Amino acid sequence: MKVQAVIFDLDGVLTDTAEGHYLSWQRVCDEEGIPFTRQMNEQLRGRRRADSLRLILGERQVDEATFNAILARKNAYYLEYLETLTPEALLPGIPQLLDALDAAGIPYAVGSASRNARRVLAQLGVLERFAFVGDGNTVARAKPAPDLFLAIAQALDVSPAASVVVEDAQAGVEAALRGGFGVVGVGP
Ligand code: BG6
Ligand code: MG
């Protein structure tokens, strides 16, 4: 069967923003006196911002106002980091892969848990290339629920079975499999 569409995860697939998320969480955790390590950061791949903070806090209790203030500050730091992002930050082979998909007439989209997905793609200079951008605001249930990828397939009018998802996070691979997509896992 001919592949009808490719859906790319963003962070860790098109670009390696894990470092930016790490630096931002580290900064806010240092300010708050919350322990945080690179190893913990790895557990946050593909997780929404609030879910990430819940994981970081573990048993620690904070009131709702503090929780939201930490989220806002983390995002402000991450937005500072994004200012430094340029097309150079596209991972090796991505521009060539997009060119090849264009040449083959295969549409491609982004399916990301990030609410900053459009901004990241704009910084990378590729926002306009994608037929659809599904982000952290597109559906209510996050990966590993298949909802985001299914919404994108619907928007592109393609069947999941004839589409391929490219993911670096376990939750993302699971979401793709649950939605009946072909899936390519990248990274560790
Ligand atoms: C995912 C990242 O793509 O987006 C996570 O892998 C991140 O690390 C999540 O927490 C949410 O991103 P944002 O930009 O909405 O805080
Ligand atoms: Mg990812």
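A cavity is a set of grid points, over the protein atoms alone, where a 1.4 Å probe fits but cannot get out. The exercises below apply this and related terms to a predicted model.

**Exercise 1. Describe the cavity of the model: what is the volume of the largest cavity, and which residues line it?**

Solution.
Step 1. The count gives one cavity of 30 Å³ or more.
Step 2. The volume of the largest cavity is about 60 Å³.
Step 3. Its lining includes Gly 46 and Arg 48, together with Ser 112 and Ala 113. Further along the chain, Asp 135, Gly 136, Val 139, Arg 141, Ala 142, Lys 143 and Leu 148 also line the largest cavity.
Step 4. Sorted by class, this lining comprises four nonpolar, three polar and four charged residues.

**Exercise 2. Characterise the largest pocket: which residues lie nearest its centre, and which helix gives the most to its lining?**

Solution.
Step 1. The largest pocket has a volume of about 460 Å³.
Step 2. Its lining is made up of 27 residues, and those nearest the centre are Asp 11, His 21, Arg 47, Arg 48 and Arg 49.
Step 3. At least two lining residues come from each of α1, α2 (38-42), α3 (49-57) and α4.
Step 4. The most is given by α4, which supplies four residues.
Step 5. The class composition of the pocket lining is seven nonpolar, nine polar and eleven charged residues.

**Exercise 3. Determine how α1 and α4 pack: what is the angle between them, and how far apart are their axes?**

Solution.
Step 1. Helix α1 spans residues 18-32 and helix α4 spans residues 64-82; they pack at about 135 degrees, with axes 8 Å apart.
Step 2. Angles over 145 degrees count as roughly antiparallel and those from 65 to 115 as roughly perpendicular. The two helices are therefore oblique to each other.
Step 3. The crossing of α1 and α4 is right-handed.
Step 4. On the α1 side, the contact is made by Gly 20, His 21, Ser 24, Trp 25, Arg 27, Val 28, Glu 31 and Glu 32. On the α4 side, the partners are Ile 70, Leu 71, Arg 73, Lys 74, Tyr 77, Tyr 78, Glu 80 and Tyr 81.
Step 5. This contact contains seven nonpolar, three polar and six charged residues.

**Exercise 4. Analyse the pair α3 and α4: at what angle do the axes cross, and which residues meet?**

Solution.
Step 1. The axes of α3 and α4 cross at roughly 115 degrees and come within 10 Å.
Step 2. This angle makes α3 roughly perpendicular to α4.
Step 3. The crossing of α3 and α4 is right-handed.
Step 4. From α3, Arg 49, Ala 50, Leu 53, Arg 54 and Leu 57 meet Phe 67, Ile 70, Leu 71 and Asn 75 of α4.
Step 5. The contact of α3 with α4 divides into six nonpolar, one polar and two charged residues.

**Exercise 5. Examine the backbone on either side of α7: which peptide bond is cis, and where is Asp 157 placed?**

Solution.
Step 1. The peptide bond from Lys 143 to Pro 144 is cis, its omega being near 20 degrees.
Step 2. Pro 144 belongs to the loop between β3 (132-134) and α7 (147-156).
Step 3. Asp 157 is placed in the loop between α7 and β4 (163-167).
Step 4. Phi of Asp 157 is near 60 degrees, a positive value in a residue other than glycine.

Notes: Residues numbered from 1 in each chain as written. Chains lettered and ligands numbered in written order. Predicted model: local features only at pLDDT ≥ 70, side-chain atom pairs only at ≥ 80, totals over all residues. Heavy atoms only, no water. Axes fitted to C-alpha atoms, helices over the stretch in contact; angles between N-to-C directions. Parallel < 35°, antiparallel > 145°, perpendicular 65-115°, else oblique. Left-handed = near helix turned anticlockwise from the far one by under 90°. Contact = heavy atoms within 4.5 Å. Nonpolar A, V, L, I, M, F, W, Y, C, P; charged D, E, K, R; others polar. 1 Å grid on protein atoms, 1.4 Å probe; cavity = no way out; pocket = protein on both sides within 12 Å on 5 of 7 lines; lining within 4 Å. Points joined across faces, edges and corners; volume = space filled by probe spheres on them.
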